Amino acid sequence: MPKVFITRQIPDQGIKMLKDKKYSVSVYPKDEIIPRAALLKGVKGVDALLPILTDHIDAEVLEAAGAQLKIIANYAIGTDNIDLQACQKRKILVTNAPGPEIVQSVAEHTFALMLALAHRIVEADKFTRAGKYRGWGPQILLGTDVYGKTLGIVGLGRIGFAVADRAVKGFGMQIIYHDKERDLKFERDFSAYGGSASGGEKQYGARFVDLSTLLKQADFVSLHVPFLPSTRHLISTRELALMKPTAFLINTARGPIVDEKALLQALEKKQIAGAALDVFECEPSIDCDISDHLELKSFDNVILTPHTASATVETRQAMSATAAQNIIAALEGETPSNLVK
Ligand code: GLV
């Protein structure tokens with residue numbers, strides 16, 4: 001009977017699928033990030049491992065598991081927590097969980113952050129709860145409109161596209177984007193990605209630009225690239241200095257893509273209007289130990305969410321089922337749908 005180890009309690013759909021296959025499924029019982037020692041113990045002798053994005057799956061973990069380990073089915077889109085080379089060396093399959101649900105959830109969260117920044121929702125909530133609202137005033141908590149503004153998308157994958165789709169259809173925004181390569185299909189035929197059927201360059205105005213131009217022109221900069229050695233600190237001092245003082249930065253991708261120390265300094269100097277972060281450079285810590293007096297949480301124009309962009313009931317169930325499907329395929333000798341190369 002194949003053995004599966006899950007490093008944290010996840011929604012039940014996938015667990016049920018694995019149990020229906022009569023696999024022996026064990027789940028780390030505490031609702032906490034699994035300690036390293038428990039991870040090394042838990043993986044021993046398993047055929048499949050289902051980790052979450054906070055678990056570092058490296059050669060030591062693979063060694064502790066043993067030669068029978070066939071698949072690591074990550075409960076995330078990102079796989080930066082897994083040493084892919086070490087897995088490849090041992091011919092262990094690695095999959096992620098990139099179903100359509102997570103793409104929409106992250107795009108929605110990105111928009112929620114964009115709207116909350118522009119309309120100062122978190123500040124307004126605090127203000128109201130603090131009993132500071134003493135009657136309507138023409139100048140209370142003035143924000144900025146999103147409608148018709150320019151959105152700069154850094155990384156036009158499926159999530160970047162889903163954000164663009166909302167921006168164009170819902171908010172009449174102009175889209176500029178940057179990625180490794182220009183995507184002519186996106187520019188010419190937006191509908192190919194599920195956008196409005198009558199889409200096209202004229203209607204959507206999506207333009208490919210270099211990163212510097214994007215940063216100079218965008219009113220909102222939204223990051224959707226994976227975390228790779230090449231994207232570490234993609235947004236640092238120079239890049240933040242290029243942004244307009246009225247522009248906002250949104251990061252729902254991975255923390256280290258933004259140099260947080262540089263961001264704190266840019267906020268302090270009012271080089272940008274604000275930022276919304278769902279991910280942090282030294283996660284789970286909100287601030288890295290940068291021996292500085294600046295802290296993200298001290299800025300009213302910063303919104304922080306605890307890596308919850310995909311945290312909806314629908315998405316987390318779907319991710320559970322996707323991870324299980326990947327495991328079942330691998331253990332049955334088939335190629336899982338979400339292989340990561
Ligand atoms: C979340 O950050 C994910 O990669 O799924």
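Let me begin with strand 10, where Phe248 and Ile250 point one way, Leu249 and Asn251 point the other way, and all are buried. In a regular strand, side chains alternate between the two faces of the sheet. I should say at once that this is a predicted model.

Strand 10 belongs to an open sheet of seven strands, with parallel pairing and the order 8-7-6-9-10-11-12. At the edges are strand 8, residues 207-208, and strand 12, residues 302-304, each of which pairs on one side only.

Let me take the pairing around strand 9 in detail. Strand 9, residues 220-223, runs parallel to strand 6, residues 150-154, and four bridges join the two. Within that pairing, isoleucine 153 has serine 222 of strand 9 as its bridge partner. Strand 9 is also joined to strand 10 by four bridges, and these two strands again run parallel. There, valine 221 has its bridge partner in strand 10, namely leucine 249, one of the buried residues with which I opened.

Which helix lies across strand 10? It is helix 5, residues 100-118, which also lies across strand 6, strand 9, strand 11 (274-277) and strand 12. Its direction is at about 155° to that of strand 10.

I turn now to the interior. The largest nonpolar core has 53 residues, and the members that touch the most others are Leu18, Leu151, Ile175, Phe220 and Ile327. Helix 5 gives the most to this core, with 10 residues. Where does the core lie with respect to the domains? Domain 1 and domain 2 both contribute residues to the core, so it lies between them. Apart from this core there is another, of 32 residues, including Leu214, Leu223, Leu264 and Leu277.

The domains themselves deserve a closer description. The domain assignment of the protein chain places 3-96 together with 313-331 in domain 1, and 101-304 in domain 2. Their C-alpha centres are 32 Å apart. Seven residues of domain 1 are in contact with six residues of domain 2. Between them the two domains bury about 690 Å², of which 66% is on carbon and sulfur atoms. On the domain 1 side, Ile77, Asp80 and Thr315 lose the most area to domain 2, and together they account for 63% of what that side buries.

I close with the backbone geometry. Most residues other than glycine have a negative phi, and most peptide bonds are trans. Three places in this model call for comment.

The first concerns the peptide bond between glutamate 283 and proline 284, which is cis, with omega at about 5°. Proline 284 is located in the loop between strand 11 and strand 12.

Next is arginine 120, which is not a glycine and yet has a positive phi of about 50°. Arginine 120 sits in the loop between helix 5 and helix 6, the latter spanning 121-129. Is arginine 120 buried or partly exposed? Its relative accessible area is 25%, above the 20% under which a residue counts as buried, so arginine 120 is partly exposed.

Finally, leucine 141 also has a positive phi, near 50°, in a residue other than glycine. Leucine 141 is in the loop between helix 6 and strand 6. With a relative accessible area of 25%, leucine 141 is partly exposed.

Key
Residues numbered from 1 in each chain as written. Predicted model: local features only at pLDDT ≥ 70, side-chain atom pairs only at ≥ 80, totals over all residues. Heavy atoms only, no water. Pairing = 2+ DSSP bridges. Contact = heavy atoms within 4.5 Å. Axes fitted to C-alpha atoms, helices over the stretch in contact; angles between N-to-C directions. Core = buried A, V, L, I, M, F, W, Y, C linked by side-chain atoms within 4.5 Å. Buried < 20%, exposed > 50% of the residue type's maximum accessible area, 1.4 Å probe, protein only. Domains from an automatic or database assignment. Buried area = accessible area lost by both parts, 1.4 Å probe.
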